[in-house]
Amino acid sequence: MERAAGRCFDWIYENAPKLFPPSITEEGQWQFHVVCGTGNNGGDGLAIARLLNRSGYNVSITVVHISGNESDDFKANYGRLGPLKKSLSEVRKASELPAFPNDCVIIDALFGIGLSRAADGLGANTIERINNSGALVVSIDMPSGLFCDSNPNADLHKIVHSNHVLTFQNPKLSFFLAECAPVVGKVHVLDIGIHPAFIRDTDTSYHLVDNHFAKALWKPRNRFDHKGTLGHALLIGGSSGKWGAISLSAKACLRAGAGLLTVHTGAAGAATILHHTPEAMISTDDAGHFGYLPTLSQWSAVGVGPGMGTHEESARALKLLIQESTAPLVIDADALNILSENKTWLSFLPKGTILTPHPGEFSRLTGHKMNHFDGVQKQRELSAKYGVHILLKGAHSSLSTPDGNVCINLTGNPGMATAGMGDALTGIITGLLASGYTPYAAAALGMYIHGLAGDLAPQSHESLLATDLIETIGQAFNTLKNA
């Protein structure tokens with residue numbers, strides 16, 4: 001606890017001048033109001049208050065007695081306050097809560113990671129008082145009232161709205177859920193010295209795809225590799241008005257490392273695709289869209305769906321692809337929409353198939369509209385049931401695996417919320433599959449490289465296009481290689 005408090009103090013000391021509002025005290029110092037519960041999170045708050053006071057900051061403490069229980073660590077830090085106890089107020093009912101000025105910094109140490117039910121009573125009153133103050137809020141480990149790794153509290157009024165969260169050692173699952181974004185603010189992960197072996201050996205179903213994780217998946221090319229050893233990818237898609245989607249996938253597929261690429265599409269789109277990606281080969285479909293299945297024996301990986309349409313002939317051809325393909329599959333876009341209308345086909349998907357839905361496609365696939373947390377749980381369920389990988393796209397894309405694990409991606413930015421980004425992702429993953437990566441490695445590395453390419457693109461978030469991202473895929477691989 002003392003290490004945790006020390007790291008929080010260090011962060012506050014380093015960042016106060018550039019992040020926090022100016023104080024109006026005569027001394028010209030920052031004014032901190034530390035709001036503590038009586039559990040271990042409150043003990044952290046008391047230790048932080050002591051360190052702030054020792055360094056000359058103006059500190060006041062409010063201890064909120066939500067229950068009659070006090071943890072041993074809270075008691076120990078309470079006993080260490082010394083003269084600072086003169087600046088401490090004890091609150092046992094809502095009428096005793098202070099009014100926090102809007103130009104102070106509130107240190108939120110009310111509840112920690114162990115919360116399992118929504119705040120009520122005095123706890124909810126305290127959270128409301130903090131939220132209504134207009135002050136800048138720094139939460140310790142978790143915004144008070146937010147659940148750590150279960151279904152997030154639907155009532156955001158019962159959760160502290162943090163500007164900054166100083167969390168310990170590893171981020172928490174809730175930080176990556178869209179529903180929690182209004183209350184989480186900016187997250188800062190502080191290393192408090194937990195032994196790496198303990199973290200490594202801790203059983204968990206959730207894993208972060210960061211630079212270290214992605215680099216362990218990446219396979220540098222062999223000196224004697226050639227296009228024949230790096231696989232022949234097949235991309236199926238495109239239809240009237242949607243030739244651009246499969247064109248984006250094609251260029252991204254080759255940028256991701258496929259040795260050869262054939263695009264199976266309607267004849268009317270061939271010129272468009274070749275204009276954008278002359279390195280690709282074309283297989284034309286007489287139906288004008290995906291209507292028949294080319295011979296499958298020569299492909300190392302197959303990606304299907306971008307711009308394909310949901311024609312009756314396409315549905316029949318997709319069913320045949322699912323039943324007959326011996327190459328690993330990536331199923332996206334309109335192919336997912338067809339699958340959502342024929343859910344019994346899920347049982348026939350080849351093991352290791354990768355599905356890449358966005359939230360709307362995933363809702364259609366499951367038949368239920370759900371929040372982000374429930375979506376992640378449903379991912380795990382479907383991956384285990386059907387033996388497939390599901391990459392649920394979003395601000396922090398999540399990849400569920402047949403063994404019940406979930407990998408959460410850390411790359412990407414809001415500029416990627418635009419048309420064509422999913423088509424590029426399908427191409428990247430198909431390219432990695434074709435060049436020899438396993439379905440798991442292709443999906444996990446693919447979503448990381450996809451997001452990293454978006455981060456490296458020079459365009460602003462307002463003007464980023466999928467074509468810009470594709471042009472930085474090579475830079476993303478170089479960044480990973482040189483890290």
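**Reading the labels of a predicted model**

Biologist: I199 lies in helix 6, which spans residues 196–201. What makes I199 count as buried, exposed or partly exposed?

Modeller: This is a predicted model, and every value I give is computed from it. The relative accessibility of I199 is 33%; buried would require under 20% and exposed over 50%, so I199 is called partly exposed.

Biologist: Which residues make the nonpolar surface patch, and what is its area?

Modeller: I194, F198 and I199 make it, with an area of about 260 Å². A residue of such a patch must have over 30% relative accessible area, and I199, at 33%, therefore passes that cut-off.

Biologist: Why is D141 called buried, given that D141 sits in the loop between strand 5 (136–140) and strand 6 (164–168)?

Modeller: The relative accessible area of D141 is 9%, and since the limit for buried is under 20%, D141 is called buried, whatever its place in a loop.

Biologist: And why is Q169 called buried, in the loop between strand 6 and helix 5 (181–184)?

Modeller: Its relative accessible area is 15%, which is again under 20%, so Q169 is buried by that cut-off.

Biologist: What is notable about the phi angle of D141?

Modeller: Phi of D141 is near 75°, a positive value, although D141 is not a glycine. Q169, likewise not a glycine, has a positive phi of about 75°. Most residues other than glycine have a negative phi.

Biologist: What is the order of the strands in the open sheet, and how are they paired?

Modeller: The sheet has 7 strands in the order 3-2-1-4-5-6-7, and the pairing is parallel.

Biologist: What makes strand 3 (88–91) and strand 7 (186–190) edge strands?

Modeller: Each of these two strands pairs on one side only. On average, neighbouring strands of this sheet are turned by 20° against each other, with direction ignored.

Biologist: How do you know that strand 2 (residues 58–64) pairs with strand 3?

Modeller: Strand 2 is joined to strand 3 by 4 bridges, the two running parallel; at least two bridges are needed, so they count as a pair. Within this part of the sheet, V63 stands opposite E90 in strand 3.

Biologist: What does the protein look like as a whole, in terms of its helices, strands and buried residues?

Modeller: The protein has 17 helices and 17 strands, and buried residues account for 55% of its 483 residues. Its C-alpha atoms fill a box of roughly 85 × 45 × 40 Å along the principal axes.

Methods: Residues are numbered from 1 along each chain as its sequence is written. This is a predicted model: local features need pLDDT of at least 70, side-chain atom pairs count only at pLDDT 80 or more; totals for chains, interfaces and linings use all residues. Side-chain values use heavy atoms; hydrogens and water are left out. Patches are made of residues with over 30% relative accessible area and no salt bridge: like charges are joined within 9 Å, nonpolar side chains (Val, Leu, Ile, Met, Phe, Trp, Tyr) within 5 Å. Accessible areas come from the Shrake-Rupley method with a 1.4 Å probe; for residues, only the protein chains shown count as cover. A salt bridge is a side-chain nitrogen of Lys or Arg within 4 Å of a carboxyl oxygen of Asp or Glu. Buried means under 20% relative accessible area, exposed over 50%, partly exposed in between (1.4 Å probe, protein chains only). Axes are lines fitted to C-alpha atoms, for helices over the stretch in contact, and angles run from 0 to 180 degrees between N-to-C directions.
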